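Hi,

Here is the structure I promised to pass on to you. Have a look at it first, and then read my notes underneath.

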Amino acid sequence: MSMIDKLIAPIDKTLERFDPKWQAEHGVGGLRSRYYDKTGVAKWREWRGVKDTMVDYGAWMKNLVSMALMVGSAPIPVMKGFWEYRWMGSFLGTFMFIDRLFEGYRGKELVIAHANMHAIVQSLTKRIAFVLKNDRRLGGSVEGSEKIIPHDETITPLFLKGFKELTPFPLQTLPEFIICDVDQHIEPYYIDVAEAYGLPADVCSRCAAETGVAIDDAFPLIGKAMLSTNMPCNASEATSMFQRRRIGMPDFPVTLAMQHNEKEALPYSRQTLKDAIAFVEQEYGVKYDWNEFFKYAKLINEQNTIELEKWDFFKTPYSALTGIAETLYRLYSWQSVNGQDPYFNKVDRKVIKIMRKAYEQKYQAFGGKTRHRAFLWGPSAVYYTDFPTWTQNCWGINIVLNMDSTMGFNMIDTEDPEKAMDDLTRFTEKACMRHHAVGGWDNVNAVWDWAREFNCDMVLMNDNIACKGMLGVHALMEEQARDLGFHFIFVEHDLEDSRTVSRQDMRNCVNKYMDVVLGEKPLDPTLVEFDDSDAY
Amino acid sequence: MKKVLLVCLKLLKKLTLIALITFVLTFTLYITNGENKLIYYVVRPLLNKHYDSQVRDRKI
């Protein structure tokens, strides 16, 4: 025990009754006790003991500084952004969002979670300032705006880094892809805009929300020409068409092969990427530079090398990176950053060091309270980002790995453009929501191999009720789970529309299985049923 | 030399005091969840009122 630990031990002992985890263990409250009903607003922040509360406070301060820097770097565009765009208002919920994500986290898992989260916050705040500064709708300069290549959020931006003079920017990330994680009430507004225009109410809510953002003129106006796509699935083609009509810029549809596992698909997808490069060269009058591209390919290769080492730790009970801290970071750092920001490499190096140490010390996250190890399949309900935190805190179900964490992990050649192009194509085809959801039965069915490889006894399958493709495989997956001996729970949700299936409805899917099928008691009874319908 | 040392000491005292006051203020805001209460109950309702009053041309 270190000197500091000895000093704070009596304080921790005196204040332990304020720790919600202690309260749950002693039957005098729990993690939900400190909230005002429905709102998700906590009366006070979680007391985690002196050391962990200080870690959380330090992280809060760092994030606060990032936000202040964002406003300071572009005060007028940021203020105009808040005034113009409804989704900007939702970003104010970020602190509450982070609190929800890491509720119940202590020790090494808390340190890692905040390191990962701060990487996202510092990146996002810079991006918000950058895009608002160059947004023509807010008075940004044409010259600055035309150095940006807006592209669909599901296109990996890495291949665009060969354009030294240009900055790729995922167009939907700010108004839709990220913000629906932070605020469950934002996308229903845009979905309603799209449906009021005549879009059927039973389409994928992600595509509906994106369409609504376009019709509501809530996309920042940036760039000279854009790259749209058919990824992750064919529903995206429709929303791309709506966006193209509304935004009115020349666009190139990067249509990658759906059946992407087949060898014959590679030349087709490869040519599409080449054509996309040619399109940018023509529209922007710039030349592609492979050496510039290789610089960034090296960064993503390093990240993927570390990622594969992380996976070895995930297979054991001694991984300090776990749950949403893993899922959200991988999703953002791979899909959105994609080798463009060396800060993420720095964070990965730091995190892997902590993970190695934790493994040596046989450190178990969440005080060793995990009862089940689960693989989380499928695009999660993004209005319920802290769902993995809830499964652990309430029932001891640790989400070891999420489907989207298995996105493109192949290495990219950093010397030969021809080889690099092949690698890049394979890498790009395995983008967000594609690896196990698109491309044939083998891709979907691989969930069992992944679950087995990561020593999971449980598979949670996110059941997007508006995903026409996946609705067809329900019964097949249930049969497979029974035959292979996995605990298997379908978690119904409506991706970005919390009105159709609420967070409590989602929790009930797990509650029923744990109670009725497994006959287990919750770790924290205050978390079994509560109303958070008015929370962000 | 003594004078420089004294100035340094004074400066250190001032900096420590500023750091302490900053810590007390920010930690109080943090532990009482003050910023989130302000955002949830005051800022967002005002912003939402503004967003709801915006007139958008939604013709395609």
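Below is what I found, going from the whole of chain A to one piece of it and then to the contact with chain B.

Before anything else, keep in mind that this is a predicted model.

Chain A first. It has 24 helices and eight strands. Its radius of gyration is 23 Å, close to the 24 Å that the globule rule gives for 536 residues, so chain A is as compact as a globular protein of that length. If you want a feel for the dimensions, the C-alpha trace of chain A spans about 65 × 55 × 50 Å along its principal axes. Of the 536 residues in chain A, 54% count as buried. Also, among contacts in chain A with a separation of 6 or more, 76% are between residues 24 or more positions apart.

Now for a piece to zoom in on. In chain A, strand β3 (residues 226–229) pairs with strand β4 (residues 251–254) in the parallel sense, over four bridges. Within that pairing, Ser228(A) stands opposite Pro253(A) of β4(A). Add helix α13 (residues 235–247) of chain A, and β3(A), α13(A) and β4(A) make a right-handed β-α-β unit.

Then the contact between the chains: how many residues does it take from each? It takes 21 residues from chain A and 19 from chain B. On the chain B side, the elements giving two or more residues are α1 (2–31) and α2 (34–52) of chain B. The largest share there, 10 residues, comes from α2(B). By type, that side of chain B divides into nine nonpolar, five polar and five charged residues.

Cheers

Notes:
Residues numbered from 1 in each chain as written. Chains lettered and ligands numbered in written order. Predicted model: local features only at pLDDT ≥ 70, side-chain atom pairs only at ≥ 80, totals over all residues. Contact = placed C-beta atoms within 7 Å. Nonpolar A, V, L, I, M, F, W, Y, C, P; charged D, E, K, R; others polar. Pairing = 2+ DSSP bridges. Right-handed = clockwise from strand over helix to strand, strands pointing away. Rg over C-alpha atoms; globule rule 2.2 N^0.38 Å. Buried ≥ 20, exposed ≤ 12 C-beta atoms within 10 Å, placed from the backbone.
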